[in-house]
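Biologist: Please take a close look at one helix of this model and the turn that follows it. I should then like to see that part set against the rest of the chain.

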Amino acid sequence: MKKEEKTNVMRVLDGKKIPYEKHSYEPDPTMSGEQIAGILGENPDNVYKTLVTQGKSGAYYVFVVPVKEELDLKKAAKAANEKAVSMIKQKELLPLTGYVHGGCSPIGMKKPFPTFIHEAAAELEHIFVSAGRVGFQIELAPDDLIKVAGCKLADIV
């Protein structure tokens with residue numbers, strides 16, 4: 001039997017004694033977040049994606065939104081108190097965060113960035129986010145995610 005596979009996200013949560021459940025699926029680069037929610041047998045409203053942006057000032061911001069929604073860049077800029085924000089290029093993601101596209105988590109990035117989660121998360125019992133590797137998701141209480149990732153609630157979709 002092989003040793004249980006742990007991601008950096010799981011190690012961070014274990015270290016802070018935050019309860020979570022891990023889920024895995026066979027990754028396919030063509031899958032959408034909604035398809036991943038279906039594989040997990042979960043309502044897409046409970047499955048969130050992590051997006052990284054850069055503001056006009058040059059600062060970086062992380063936004064966590066439901067997989068079936070699109071980040072509203074104007075609302076995101078307002079939440080971050082920026083004139084404008086834009087998505088970073090995919091090739092910038094790994095050196096900046098330590099995560100690859102499709103495996104980016106708001107937990108355990110190389111450096112902490114101001115992080116915002118869509119306000120609807122506060123109403124949920126549980127939320128799914130990437131566990132820091134493609135094919136792995138974690139399920140935890142939104143309050144725990146907000147606490148560990150330093151998220152601020154905002155209307156960003």
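**Helix 4 and its surroundings**

Modeller: Gly98, which comes just after helix 4, has a positive phi of about 90°. The model is a predicted one, in which local features need pLDDT of at least 70 and side-chain atom pairs count only at pLDDT 80 or more, while totals for chains, interfaces and linings use all residues. Residues are numbered from 1 along each chain as its sequence is written, and side-chain values use heavy atoms, with hydrogens and water left out.

Helix 4 itself covers residues 90–97, and within it Leu93, Leu96 and Thr97 are buried. These residues lie on the same side of helix 4, because they cover an arc of only 90° around the axis. The arc is that of the directions from the helix axis to the C-beta atoms. On the other side of helix 4, Lys91 and Pro95 are exposed. Here buried means under 20% relative accessible area, exposed over 50%, and partly exposed in between, with a 1.4 Å probe and protein chains only. Helices (H or I, at least four residues) and strands (E, at least two) are DSSP runs, numbered from the N terminus.

The buried residues of helix 4 pack against strand 2 (48–55) and strand 3 (60–66). Strand 2 contains Thr53, a buried residue with a relative accessible area of 0%. Apart from neighbours within four places in sequence, the contacts of Thr53 (heavy atoms within 4.5 Å) include Tyr60, Tyr61, Phe63, Leu71, Val85 and Ile88.

Glu69 offers a further point of reference, in the loop between strand 3 and helix 3 (73–80). Glu69 counts as partly exposed, at 30% relative accessibility. With neighbours within four places in sequence left aside, Glu69 is in contact with Lys49 and Val157. Its C-alpha atom is 20 Å from that of Val100, and the two residues are 31 apart along the chain.

Helix 1 (residues 8–15) may be read in the manner of helix 4: its buried residues are Val9, Met10 and Leu13. Seen down the axis of helix 1, these fall within an arc of 95°, so they line one face of the helix. Among the elements that cover them are strand 1 (21–24), strand 6 (127–130), strand 7 (136–140) and helix 5 (142–149). Just after helix 1, Lys17 takes a positive phi of about 55°.

As for the whole chain, there are five helices and eight strands, arranged along the sequence as α-β-α-β-β-α-β-α-β-β-β-α-β. The radius of gyration is 15 Å, close to the 15 Å that the globule rule gives for 157 residues, so the chain is as compact as a globular protein of that length. That radius is taken over C-alpha atoms, and the rule is 2.2 Å times the number of residues to the power 0.38. Along the principal axes, the C-alpha atoms fill a box of roughly 50 × 35 × 30 Å. Of the 157 residues, 44% count as buried. Among contacts with a separation of 6 or more, 62% are between residues 24 or more positions apart.
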